[in-house]
Each structure stands twice: as structure tokens, then as C-alpha cells.
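Please read the following note with the sequence and the structure open beside it. The points are numbered so that each can be checked in turn.

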Amino acid sequence: MTSPKDCNYDNRWLKFFKKWHRWPGVIMGFFFILWAISGVVMNHRQLFSCFGISRNLMPEEHRYKNWNNAAVKSAVQIGTDSLLLYGNIGIWLTDKNFSSFSDFNNGFKKGIDNRKILSMLVSRRENIYAGTLFGLFYFERNSGKWLKINLPIKDERIQWLVEKDGKIIFLTRSAMFEAYDDPGNFGPNELILPPPEGYDNKAGLFRTIWVIHSGEIYGFAGKLIVDILGLVVILLAITGALHFSMPYALRRLKKQKKSLKLASSTKRTSAIWHKKAGIFVAIFLLINTITGMFLRPPLLIAIANAQVGKIPWSVLDTRNPWEDKLRAVIWDKDIKGFIFGTTEGLFYAGETLEKEMIIIPGQPPVSVMGINVFQKDDDGNYLVGTFNGLYKWQLKRDGVPGGWSPKGMESHLPAENIIQKSKPFGNEMISGYVKLENGNSVCFDYNRGAVSIHGDLVFDEMPAEIIEKSPMSWWNFALEVHTGRIFKPLLGNLYILIIPIFGVFGTLLVITGIIIWIKLYARKNNKKPAATA
């Protein structure tokens with residue numbers, strides 16, 4: 001039998017947990033609804049790809065100005081005086097002085113995501129290819145439109161395009177393929193990539209946490225489970241708000257001598273659904289909250305370069321050592337091999353792809369966020385651009401890539417200065433690069449936009465037509481909400497603390513909810529009369 005003293009002690013603790021469950025929930029309920037909705041949109045990018053939001057409705061820093069926000073990835077030349085400028089804005093025909101622009105997106109589906117270009121290539125046979133989020137396209141000159149090439153592959157996100165010996169090499173995030181330079185008879189063939197030297201069959205911790213958080217760890221079914229979890233979060237936020245507000249409504253109605261039936265019923269029903277739904281998803285919600293905290297700085301920095309064992313029977317449990325790790329590739333005939341840009345650094349592979357890939361010493365820092373510039377210049381140097389900056393990467397005399405230097409600098413670090421770990425973001429977040437005929441080059445910083453490396457800047461302000469036809473996709477808007485960046489205009493750089501702080505309180509919310517449920521469940525069982533013989 002429980003003593004009155006024990007009951008008072010238990011009541012004090014129950015009130016304590018209710019207090020720390022109620023107020024964080026009320027304060028953050030609206031934000032949890034935002035994160036739940038944005039998470040569902042992010043889980044189904046192709047489904048929502050045809051929808052966009054005018055950037056004029058967005059905060060200032062999300063609007064295009066001076067070609068910022070990854071507007072431009074690069075450009076390819078298609079004539080003596082014609083270039084195709086491409087990136088998040090799609091494809092635009094321009095001249096070498098960038099004095100006029102014409103829309104070159106005919107054939108792509110409606111929606112800015114469907115014409116977001118990751119890579120382009122003009123082959124020696126003058127065929128024009130474009131790699132997008134949702135497939136590989138070629139420009140059919142007779143019809144004047146882009147046509148999709150049917151590929152018998154699961155992942156159609158085309159990361160990179162290069163040409164080798166008259167054949168087209170294209171890279172997805174997990175594999176490399178070779179095909180004939182003939183869009184009508186493409187015939188792609190997968191090139192089996194060897195593992196890296198010393199491969200230990202581990203996966204990146206960032207990738208592991210990402211697929212757990214999104215539900216992708218168990219494919220489409222896992223995503224649907226996380227979608228349902230998001231809907232339950234919305235239900236919890238609404239029922240929690242109703243349960244919190246109804247006592248105030250009841251007191252007001254009582255003073256006004258009005259009917260209490262509807263308010264009482266709402267309070268009771270919301271409490272029942274809040275408890276049942278909450279305890280049903282509590283553990284899943286706890287996992288989702290904690291994993292989400294580590295996908296953004298500052299906690300991201302702690303896991304960005306870590307490796308862990310692959311989770312059995314998940315999408316991570318694959319024999320492919322390059323699953324979701326490939327980002328860029330260069331075929332270099334001078335060294336008769338490939339240089340691969342990956343989430344784990346830069347690797348060399350011989351032409352036959354028979355020997356293990358070798359991680360290259362003296363390489364520049366490569367952000368876990370991916371490689372945006374990866375090419376060889378006329379002087380035999382490599383240019384590597386990521387959210388850690390733009391670097392010129394030199395070749396040593398023996399043909400092995402070595403020392404590197406930041407753009408615009410003449411000094412070079414020694415080859416033995418190997419960068420094995422790097423920050424996700426640096427002071428210069430390079431999203432694109434264009435080499436000009438006059439020897440000048442323009443790099444595109446995600447925040448500042450077009451920046452001339454040597455000489456005067458030739459890019460004028462973005463034409464109104466490009467801005468009007470380049471809204472923010474629903475997926476990108478959802479990403480801004482989900483990462484908290486949408487609040488940067490209000491909080492400045494402190495916005496980076498939103499995810500970890502809300503994550504801590506979200507975790508507290510779930511834990512206190514579990515404790516309250518356990519205590520109330522135990523109290524209910526203690527009140528039941530003992531069975532008689």
C-alpha cells in the first residue's frame with residue numbers, strides 16, 4: 001500500500017515532468033509542424049519537383065543577386081561565340097561577353113528541379129548532353145528540345161559527364177558507366193570500380209545518420225514510415241495545443257455561464273489521442289530527433305569524416321564500396337588514369353580499373369557537402385572547388401598529383417601536407433566556375449555570387465527573365481525550413497544553433513512524455529482492486 005508521503009513525493013515529480021513536457025511543447029509546437037511538413041516534402045523530391053516558390057517572396061539572402069545561391073555551375077562552348085551557361089537556373093544560351101541570354105530549357109518538364117543541371121558535355125561529335133537530378137538528356141537539334149535518354153539504372157541522378165576515347169563516361173552517386181556517343185544507340189555499360197586501398201567495408205557516419213533520419217535506410221518503405229511519423233508529430237502538436245488551451249477556455253466559458261460540453265469533450269479527446277499517438281511513436285521520434293541534430297553544424301563537424309560499420313539488411317549493406325560516395329571524375333590521358341572526387345577525398349584509378357584506387361597525397365580539403373568544380377586547366381593543373389574554397393592542384397614531375405594552393409596565391413604547400421579531414425563549410429563556399437577566353441576566370445561563391453579571380457568581372461547583374469523563370473523549388477524551400485536557414489535574416493549567424501537547441505528540447509519533450517505515461521499507467525494499475533479468490 002502506498003503511503004500519503006509517497007503519493008505527495010510522486011505527485012511532485014509528476015508535476016515537474018508535466019511542466020517540462022507542457023511548456024517546451026507549446027512553445028515549439030508550431031516549429032515541429034514546420035519540420036514535419038518540410039521533412040515529408042524532402043523525402044519525395046521528384047513528386048514535388050514541378051512546384052516552385054517565387055524568390056521575391058523569400059528573405060533577401062534567398063533571392064538571386066550577382067549569380068549567387070548556386071545559380072551557375074559552369075558553361076560549355078557550342079560555337080565560336082556561343083556558350084551554354086548552366087546550374088540551378090537551368091540552361092541559358094549566351095555569348096562570350098555574357099551580354100544577352102536566351103532560354104535553352106525546351107523539353108525539360110515543368111518545375112525548376114527538373115531543369116537543375118549538375119553537369120554538361122559537348123562531345124567531339126558535337127552532341128550536347130546534360131546530367132540532371134532525374135536523368136540524362138541530349139539536345140535534339142531538329143526539334144530544338146531536350147530529350148531524355150532511357151537508362152536501365154536505378155539511380156538517375158547524373159553527377160558528372162566526361163569523354164574518353166570517343167565514348168561518354170557518366171557518373172551517378174554510386175557507379176560509373178560508359179556509352180557510345182550516339183544518343184539513338186547509347187547502350188550504357190557499367191564500369192565496375194575497384195575498392196579503395198585498404199577498404200574496410202565501412203560507411204560514412206554522416207551518410208548512415210542521414211538515411212536513418214530520412215527513413216531511406218529501408219528504402220521507400222522506410223521513407224513512408226518516416227512520413228507517417230511526420231504526420232503523427234503534427235497530430236501531437238495540435239492535440240497538445242488543444243489540451244493545453246482547453247482549461248483556460250473552460251474557465252472563461254464557466255464565468256460566462258455558457259455550455260462546457262464542447263470544450264470538455266475537446267480536452268478529453270485531445271488528451272486521449274495525444275497519449276496514444278505519443279507513446280506509439282516515442283522511440284522512433286527520439287531516434288529521428290537525435291539523428292537530425294547531427295546533420296547540421298555544429299554537431300555535423302564532429303561526424304563529418306567518421307566511419308562506422310554498415311547496418312545489416314539496410315541500403316547501406318551493399319558490396320559496392322562507392323555507394324553514394326561518387327561526386328566527380330576526370331579522365332586524364334597524361335597520367336593514363338581517372339581522378340575521382342568522392343565524399344572521402346580524391347582517388348586515382350588506372351585506365352583498366354583493375355587495381356585498388358589510391359588516395360592521392362597532397363590533396364586539397366574536400367567538403368563532405370560535395371565537389372562543384374573539378375577540371376584540368378591548360379597548364380596541367382587541377383581545379384578543385386567545394387564549400388571549402390577553390391584550389392589549384394599541381395602535378396609533380398613523376399606524374400603523381402601533389403601540392404595545392406588557394407586560388408590567387410603563388411606559394412604552394414608541400415605534397416606531404418595531406419588533408420584527411422576538412423570542415424563541411426569554409427569561408428568561401430564555391431558552387432561554380434567559368435573559364436573565360438581572355439584568360440580571366442570567374443568563380444561563383446554560394447553567398448557572394450560571381451567573383452573574378454584575375455581581371456575585371458564581366459558578369460552583369462542577372463537578367464530579370466532568368467530570375468523570374470528560376471523560382472525556388474519546393475524541395476529547396478523545405479530544406480531551408482528543415483535546416484533552420486529560413487530564420488537567418490532574423491537571427492543572423494545564431495540561426496545555426498536552432499537545430500541543436502530545438503533538438504535538445506525535442507529530446508526532453510519525448511523523454512518527459514514517456515516518463516509521464518509510465519507514471520500515469522502505473523498509478524492507474526495501482527488503483528485497480530485486487531482479484532478475489
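**Note on a pocket, a sheet and the cysteines**

1. The lining of the second largest pocket is made up of 22 nonpolar, 11 polar and 15 charged residues. This is a predicted model, and the pocket has a computed volume of about 1600 Å³.

2. In total, 48 residues line the second largest pocket. Those nearest its centre are Ala75, Val76, Leu121, Gln375 and Lys376.

3. Several strands contribute at least two residues each to this lining, among them β2 (74-77), β6 (117-122) and β20 (371-376). The strands β3 (83-87), β10 (160-164), β16 (326-332) and β24 (430-435) do so as well.

4. Strand β6 also belongs to an open sheet of 4 strands, in the order β6-β7-β8-β9, with antiparallel pairing. Because β6 and β9 (145-149) stand at the edges with a single partner strand each, one side of each has no neighbour in the sheet. On average, neighbouring strands of this sheet are turned by 30° against each other, direction ignored.

5. Within this sheet, how many bridges join β7 and β8? Strand β7 (residues 128-132) pairs with strand β8 (residues 135-140) over 4 bridges, in the antiparallel sense. Opposite Gly131 stands Leu136 in β8. In general, the strands of a sheet pair through backbone hydrogen bonds.

6. A disulfide is a covalent bond between the sulfur atoms of two cysteines. A search of the whole structure finds 0 disulfides. Are Cys50 and Cys443 buried or exposed? Cys443 counts as buried because its relative accessibility is 2%, under the cut-off of 20%. Cys50 is partly exposed, with a relative accessible area of 33%.

Definitions and conventions. Residues numbered from 1 in each chain as written. Predicted model: local features only at pLDDT ≥ 70, side-chain atom pairs only at ≥ 80, totals over all residues. Heavy atoms only, no water. 1 Å grid on protein atoms, 1.4 Å probe; cavity = no way out; pocket = protein on both sides within 12 Å on 5 of 7 lines; lining within 4 Å. Points joined across faces, edges and corners; volume = space filled by probe spheres on them. Nonpolar A, V, L, I, M, F, W, Y, C, P; charged D, E, K, R; others polar. Disulfide = S-S within 2.5 Å. Buried < 20%, exposed > 50% of the residue type's maximum accessible area, 1.4 Å probe, protein only. Pairing = 2+ DSSP bridges. Axes fitted to C-alpha atoms, helices over the stretch in contact; angles between N-to-C directions.
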